[in-house]
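This report walks through strand pairing, nonpolar packing and polar contacts, in that order. Please keep the sequence and the coordinates at hand while reading.

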Amino acid sequence: MFSSGKVFYCDGNINKLNVAELSGKVVVVEQDISIQQNDNSSVTDVAIVAGGEINFNGNNTNALFRGLIWGAGSVNLSMSGVEFVGSVISNGSVVFNNVNSINADLSVWELLSVYGYEFSMRQALEGLSENIDFGDD
């Protein structure tokens, strides 16, 4: 595992990670991740990347999740009472259950690199999949 002020990396699975403290953070997991969003906690400017499946669960009222979700496997977002604003990229199926509203927001892609760290999320994404064209810019 590796952790800094903005980046968290795990070379295995993460189970029942609470989103409450993830605003402004990048989370990269080599395998699967399950995430909980409860207690009406909102999270903004977060990027979740997994080499396996991503499963969200939660029960909220008027909560917000604004960020980028990238899964090499399936992505299941079952977040009751959550407004989802962001982008979802999946090599498998994508399922939305009980999400209040869904809005695309490409600005979350700015999270692909974290200033001041040698760690590059863009490099991590390129290593996880050859199917993404990042362009020449």
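How many bridges join S7 to S8, and do these strands run parallel or antiparallel?

## Strand pairing

In this predicted model, S7 and S8 are joined by 15 bridges and run parallel. One position in that pairing is Ala63, whose bridge partner in S8 is Val82.

Strand S7 also pairs with S6, through 6 bridges and in a parallel arrangement, and here Val43 stands opposite Phe65 of S7. A further pairing links S5 to S7, again parallel, with 4 bridges; within S7, the residue opposite Ile35 is Phe56.

## Nonpolar cores

The largest nonpolar core has 22 residues, and those touching the most other members are Ile33, Ile48, Ile54, Phe56, Phe65 and Ile69. Two or more residues of this core come from each of strand S4 (26–29), strand S5 (33–36), S6, S7 and strand S8 (75–90). Phe56 and Phe65, both listed among these core residues, are also found in the strand pairing, where Phe56 stands opposite Ile35 and Phe65 stands opposite Val43.

For Ile33, when neighbours within four places in sequence are left aside, the contacts are Ile14, Leu17, Val27, Ile48, Ala50, Glu53, Ile54 and Asn55. Separate from the core to which Ile33 belongs, there is a second core of 7 residues, including Val26, Val28, Val49 and Ala72.

## A buried asparagine

Asn60 is located in strand S7, and with a relative accessible area of 6% it counts as buried because this value is under 20%. The Asn60 side chain reaches the backbone nitrogen of Asn40 at 3.0 Å.

Once its neighbours within four places in sequence are set aside, Asn60 contacts Gln37, Asn38, Asp39, Asn40, Ser41, Ser80, Gly81 and Val82. Val82 thus appears twice in this report, as a contact of Asn60 and as the bridge partner of Ala63.

## The salt bridge

Side chains of opposite charge can pair when their charged atoms come close. The structure holds 1 salt bridge, formed by Arg66 and Asp45, with the closest N and O atoms 2.0 Å apart. Because Arg66 lies in strand S7 (residues 54–71) and Asp45 in strand S6 (residues 43–50), the pair ties together parts that are 21 residues apart in sequence.

Is Asp45 buried, partly exposed or exposed? Its relative accessibility is 34%, so Asp45 counts as partly exposed. The strands that carry this pair, S6 and S7, are also joined by 6 bridges.

Note on methods. Residues are numbered from 1 along each chain as its sequence is written. This is a predicted model: local features need pLDDT of at least 70, side-chain atom pairs count only at pLDDT 80 or more; totals for chains, interfaces and linings use all residues. Side-chain values use heavy atoms; hydrogens and water are left out. A salt bridge is a side-chain nitrogen of Lys or Arg within 4 Å of a carboxyl oxygen of Asp or Glu. Buried means under 20% relative accessible area, exposed over 50%, partly exposed in between (1.4 Å probe, protein chains only). A polar contact is a pair of N or O atoms within 3.5 Å; within protein, one must be able to donate a hydrogen and the other to accept it, and residues adjacent in sequence count only if both atoms are side-chain atoms. Contact means heavy atoms within 4.5 Å. A nonpolar core is a set of buried Ala, Val, Leu, Ile, Met, Phe, Trp, Tyr and Cys residues joined through side-chain atoms within 4.5 Å. Two strands pair if DSSP finds at least two bridges between them.
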